[in-house]
Amino acid sequence: MSYIELHSRSAFSFLRGGSLPEHLGETAAQLDLPAMAVCDRDGVYGAPRFFAKAKETGFRPIIGAELTMEDSSALPVLVESRVGYQNLCRLLTRAHLRSEKGYAAIRWEELPEFTEGLVALTGDVDGPLLRAMQQTRSADHAAALLQKLLKIFGPNHLFVEVQRHHVRGEERSVRALKELAERFHLPLLATNGVHYARPGGRQVLDLFTCIRNHTNFDAAGTLLEQNSERYLKTAAQMEKLFHDLPQAITNTTRLAERLQFSLENLGYEFPAYATKEGESMNRCLREQVQAGAKDRYKVISPEVKSQIERELQLIKELGFAGYFLIVGDIIKFCRDNDIMAQGRGSAANSAVCYCLGITAVDPVGANLLFERFLSEGRKSWPDIDIDLPSGDRRERVIQEVYRRYGKHGAAMTANVITYRGRSAAREIGKALNLTLDMIERFSNLFAHGDFPHTLDLSEQMAQAGLPIEHPRATAFLSLYRSVYALPRHLGQHSGGMIICQGKLDSIMPLENASMPGRVVAQWDKDDCEDLGIIKVDLLGLGMMSVLQDALELTRQRGHPVDIAQINKSDAKTFKMMSEADTIGVFQIESRAQMATLPRMKPKCFYDVVIEVAIIRPGPIQGDLMHPYLARRSGKEPVRYYDKSLIPVLERTLGIPLFQEQMLKIAMVMADFSGSEAEELRRALSFHRSEERMQKVEKKMRLAMDRKGVSPEVIEEIVKAIGSFALYGFPESHAISFAILAYASAYLKCHYAPEFYTGLLNNQPMGFYSPATIIKDAKRHGVKFRPVCVIESDWLCTIGADDSIRLGLCVVQGLRHEHGDAMLTQRTQRPFESASDFKRRTPFNKEELRTLAQIGALNRLSDHRRTALWTVEKNERPDDLFSVLEENQASPLQPMDRSERVEADYDGMRLTTGAHPMAL
């Protein structure tokens, strides 16, 4: 006799399970269970990770879910076939999309529509049958409910579930369930209702129970588990537990044999691109690339022609033509709708992407390695990231994708938020009933969400006021280590979108996001990639918004600038960079960058590429930055691992700074093929896998040894690869960022009013506050005008004299809709006085005080305090005397210079007047 666990929850049941799906799978393999099912609450969140662990360890994963019904009971269902999986996903999608985020209730009457290919269990204590038995104590009511389930699923797809956890009263329930099963001729099925992999997981589940019920361990009482029996048990343990019901054990293997669906049979297809009748997607792609090449390259050299042909052939062999066409079509939509868009990442290594307008980097001219992007050994789809202006423009692109593929055909990928650092400490502290001040110290101890690795956890606890001698310190320590990195809730990826041929809701369940108009898939980007589901990243970049706004201003003011045509050898721009005058400039504005720029003294565009790449934690920790700067200044000689690597490393003075260089080193020194280079790329990307790195390093050693490379050089190269895995940065990524860095520096240098206006209108972003940006702009000769309700728009604007008029957007606490309403009133009829302004605008008293305080009402009053006096007056519409009092002078004295500066900072966090230190 054998046993298969068919009802378990993972931590992806969010506060209802205590172990990761991969931990459950690993434990199942260790216990020699041939198969196992994970049924997460209202989703298949953990299925991809469970599936991946099953492939690695050899057991068979079974997919299921617990469905929250409208009466709050949880009905477990198991997937029998691909049709059943699709029905489960569609049912969950329907329930989630009509509910607010985090909730999904299924109506009993809609269940029959989705039962094909699904097998139902009657459930445990949360299940509909046991709940009915316990709540009503009526056998007839339980029988009626079982008959209802039987009618919905049919006799071959319904099992009466029995569990034993050594708790009082359960034998009475087991007998009642056995009688019901015999009465309706239904099979019994034994499960352990697993909530955690090992007995020790109970403490995490109890913690989650406290969090879910907003209580603590002292007050939770019977909400907590009575014992630790809901762990994954061996077949022998379960057979012993159900010795009197052997058929309930036997039925687990019989049912498992029917449940043959696997995530390998997902049936996902990327959407087909709509071509002309009789035209293949490969032919269409070729024509678009050839047309783009003529536009991008005025003269198509043999090198360019050869590279394009090589890429098109590989894309055809891999079947990726539709992907490139659809991404190119998104770029075309952006171009047609005046939305800046630029592809980055490894896509910049592709001449096809360059010709389609996806990227702005010529990979042939830049001598970039195409294999970094795509190779014959690549099994996963290529990854193209598209940078878009943040805010409304990016949202328009996202909504266009939803419009094209439908609410059920496209979704944002999920982002799994996990317990770590402060979030874990706060929740554990509340559950342990620690004092509020101690919990606050945990939150305030560190600036970021995670704790620094330099401090031991017990030291961190002591700093927060929880020394190891505290009676609850041991429990805190144990819970923190157990809950760390477990899923907390599901968020959405910053820009990753997946689309599907047909309906995406048949591939995975979809949910509402917190943001209106957004739909989110239940799997994150890594899970999607592992299962061959294609993601297009539509990323919001603040600097793209700044550049687009600044370029629009140059066009409006009669001196348009084309970012693609700007002079990349402008001496004035490089001089500004060399002097570290880069406040507000993309990527090179940090203090570390400013400290390096005078040493680097960039003289050409590629110097900017290196500057962008070199000030990163990896190059600094890998001790590459200082040797590079020493070689650049002539203090250290340039040397190479081997003469054959001069073309590969010449531009970086013999130091491998980029991932592409590392792949080229492998191809030159170890004769790696494209697929072997792809293997190395994945090893570098997954540096946390020591096993993967060691495997590639061994292959390289053997290959170089066979080629006759000296042991010293082999050792140097292998050491370089090992350290490189700690920080790997693609050259194509650096070039894409350098384009934006140079463009922003060029605009700051030559079109300062437009640049600073764009920068102020897109706050917050970057390292510096608007106050610092304004002071920097003044040093560049830009004049500023204060906020004025007669002159200012919502955004900052440029006057005829090149001065910048601050917009209402800089005023603290001012509501945008109130500002728009005021501007509408101003357009209809000018304001005659402060009282007239007060009557005709929707600003509340606090907003009016701020406007008066910062001088925005000065054109309607004698001075700021007169405006404040008017704002504070209580006027009634039916008071005839209020009109006579409008022009009465206020008894308050005008603010002096220091008071005006203080009021500006209080109301705007900036001033157009003197710097505070000047006072």
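## Strands 9, 10 and 13

Let's start where Met 497 sits: this residue of strand 10 has Val 536 as its bridge partner in strand 13. The model here is a predicted one. Strand 13 covers residues 535–541, and its pairing with strand 10 is antiparallel, with 3 bridges.

Strand 10, residues 487–499, also pairs with strand 9, residues 410–418. That pairing is antiparallel too, and 8 bridges hold the two strands together. If you want a spot to click on, try Ala 414, whose bridge partner in strand 10 is Gln 492.

## A three-stranded open sheet

Further along the chain, 3 strands make up an open sheet with mixed pairing, and their order is 14-16-15. Strand 14 (784–785) and strand 15 (797–798) are the edges, each pairing on one side only.

Strand 15 runs antiparallel to strand 16 (residues 804–805), and 2 bridges link them. Thr 797 is one residue to look at here: its bridge partner in strand 16 is Arg 805.

## Helix 23 and its cover

Which residues of helix 23 are buried? In this helix, which spans residues 591–600, they are Gln 593, Met 594, Thr 596, Leu 597 and Met 600. The cover over these buried residues includes helix 22 (571–578), helix 24 (605–614) and helix 26 (625–632).

Right after helix 23 comes Lys 601, with a positive phi near 45°.

## Unusual backbone spots

Some background first: most residues other than glycine have a negative phi, and most peptide bonds are trans. Now for a few places to check against that.

Phe 14 isn't a glycine, yet its phi is positive, about 45°. You'll find Phe 14 in the segment before helix 1 (21–30). Is this residue buried or exposed? The relative accessible area of Phe 14 is 18%, so it counts as buried, the cut-off being under 20%.

His 214 is another non-glycine residue with a positive phi, this time about 55°. His 214 belongs to the loop between helix 7 (202–212) and helix 8 (217–220). With a relative accessibility of 74%, His 214 counts as exposed, because the cut-off for that is over 50%.

Then there's the peptide bond between Gln 763 and Pro 764, which is cis, with omega at about 0°. Pro 764 is in the loop that runs between helix 33 (752–760) and helix 34 (770–779).

## The whole protein

Stepping back, the protein has 40 helices and 16 strands. How does the radius of gyration fit the globule rule? The radius is 33 Å, close to the 29 Å that the rule gives for 919 residues, so the protein is as compact as a globular protein of that length. Along the principal axes, the C-alpha atoms fill a box of roughly 95 × 95 × 70 Å.

Of the 919 residues, 57% count as buried. Take the contacts between residues at least 6 apart in sequence, and 72% of them join residues at least 24 apart. On the outside, the protein exposes about 40100 Å², with carbon and sulfur atoms supplying 50% of that area. As for charge, there are 115 positive and 118 negative charges, and their mean positions are 1 Å apart.

Methods: Residues numbered from 1 in each chain as written. Predicted model: local features only at pLDDT ≥ 70, side-chain atom pairs only at ≥ 80, totals over all residues. Heavy atoms only, no water. Helix = DSSP H or I, 4+ residues; strand = E, 2+ residues; numbered from the N terminus. Rg over C-alpha atoms; globule rule 2.2 N^0.38 Å. Buried < 20%, exposed > 50% of the residue type's maximum accessible area, 1.4 Å probe, protein only. Contact = heavy atoms within 4.5 Å. Areas by Shrake-Rupley, 256 points an atom, 1.4 Å probe, with all protein chains shown as cover. Lys, Arg positive; Asp, Glu negative; His and termini not counted. Charge placed at Lys NZ, Arg CZ, Asp CG, Glu CD. Pairing = 2+ DSSP bridges.
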